[in-house]
Amino acid sequence: MGGAGLEHHQSSEDGTSPKYFTDWDKTAAGRDLLSHEYTHSWNGKFRRPADLWTANFNVPMRDSLLWVYEGQTQYWGYVLAARSGLMTRQQTLDAIALTAATYDHRVGRSWRPLEDTTNDPIIASRRPLSWLSWQRSEDYYSEGELIWLDADTLIRELSGGKRSLDDFARAFFGVNDGSYVTDTYTFDDVVAALNAVQPYDWATFLHSRLEGHGPGAPLDGLARGGYRLIYNNVQSEYLASAEARRKTTDLSFSLGLTIGKDGVISDVAWDGPAFKAGLAAQTQIVAVNGETYDPDLLKGAIKTASTTPSVIELLVKDNDQFRTVRIAYHDGLRYPHLERTSGSPARLEDILAPRG
Ligand SMILES: [Zn+2]
């Protein structure tokens with residue numbers, strides 16, 4: 001079985017790992033699959049961006065509104081997973097923390113706005129990309145999720161808790177119930193539907209987030225939701241399950257690299273400590289401070305270097321060439337979490353709670 005999710009109007013195609021149900025506690029990462037593809041029946045198959053709906057396959061499709069098609073579906077995928085009990089509240093908060101941290105570190109934002117990433121399916125066709133943090137990829141999925149969290153919490157704030165993105169979804173997707181005829185929309189239709197729920201300058205709100213250059217990801221939705229993004233040396237259970245699923249060691253927010261099987265580096269964060277030390281993807285880490293590499297040994301070395309002046313010394317191998325790389329990194333292991341801010345309404349908890 002392939003690990004695919006494919007939307008259809010009436011029945012989505014959901015492929016996942018054989019132990020999806022029996023290893024329930026260890027497979028939280030990817031648990032949004034069913035709720036994501038289910039949402040697509042409305043957001044994507046029934047209501048579809050006008051430039052994606054072409055008369056025949058000789059007319060090129062354009063993807064300018066994928067931050068609605070996929071971005072808002074990504075948002076509902078997590079929200080509905082939490083509301084339905086597929087994910088616990090804590091797992092969902094940890095998943096959002098990982099997304100927020102990942103996109104907050106996307107330095108490619110300085111040259112490439114989010115909206116431009118909607119061209120990726122056309123120009124990259126999901127082939128592997130090097131230097132992900134600099135090139136960016138199909139970022140409209142998960143950064144789109146952050147924008148819709150931003151919008152949802154803003155509607156809740158402006159309406160005094162009376163309205164939310166649920167009202168937008170009902171009005172925008174819940175039309176012509178039972179119809180199988182695709183109903184297309186434009187950017188202006190999205191803005192008009194948001195305005196009908198809560199009057200606001202939604203065009204400027206969306207343009208600034210889609211066309212902006214940061215710095216950092218749009219995280220206002222976290223603050224308005226009553227949380228802030230923090231880092232500490234404890235890995236959440238969710239992040240551990242994400243690592244296990246991808247068979248990687250994720251040190252993105254500390255050394256600035258991700259390591260796959262046999263110590264082979266799978267990704268290096270642009271401008272991070274590993275990058276500055278001259279490391280790149282496909283290089284194999286053979287030894288850490290003179291001992292044979294294993295993930296826990298490297299994590300231990302990062303911990304030690306956070307309390308001592310010692311550098312982390314890696315013996316690495318590129319094809320037949322060995323070399324020693326020294327990384328002067330002293331900020332310890334850094335894993336993302338959401339921390340509740342005192343004195344602010346817990347709107348994010350309201351969003352994730354089952355509807356009465
Ligand atoms: Zn999707």
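This passage describes how the two domains of the predicted model meet. Residues are numbered from 1 along each chain as its sequence is written. In this predicted model, local features need pLDDT of at least 70 and side-chain atom pairs count only at pLDDT 80 or more, while totals for chains, interfaces and linings use all residues, and side-chain values use heavy atoms, with hydrogens and water left out.

The protein comprises domain 1 (5-226 + 343-352) and domain 2 (237-327), with bounds from an automatic or database domain assignment. A distance of 32 Å separates the C-alpha centres of domain 1 and domain 2. Their contact (heavy atoms within 4.5 Å) involves 19 residues of domain 1 and 14 residues of domain 2.

Between them, the domains bury about 1,500 Å², of which 68% is on carbon and sulfur atoms; buried area is the accessible area (1.4 Å probe) that two parts lose on being put together, summed over both. Ala29, Leu98 and Trp131 contribute 43% of the area that domain 1 buries against domain 2, more than any other three residues.

Zero salt bridges are found across the interface, a salt bridge being a side-chain nitrogen of Lys or Arg within 4 Å of a carboxyl oxygen of Asp or Glu.

On the side of domain 1 that touches domain 2, α4 (89-104) and α6 (132-135) each provide at least two residues, and α4 gives the most, with six residues. Helices are DSSP runs (H or I, at least four residues), numbered from the N terminus.
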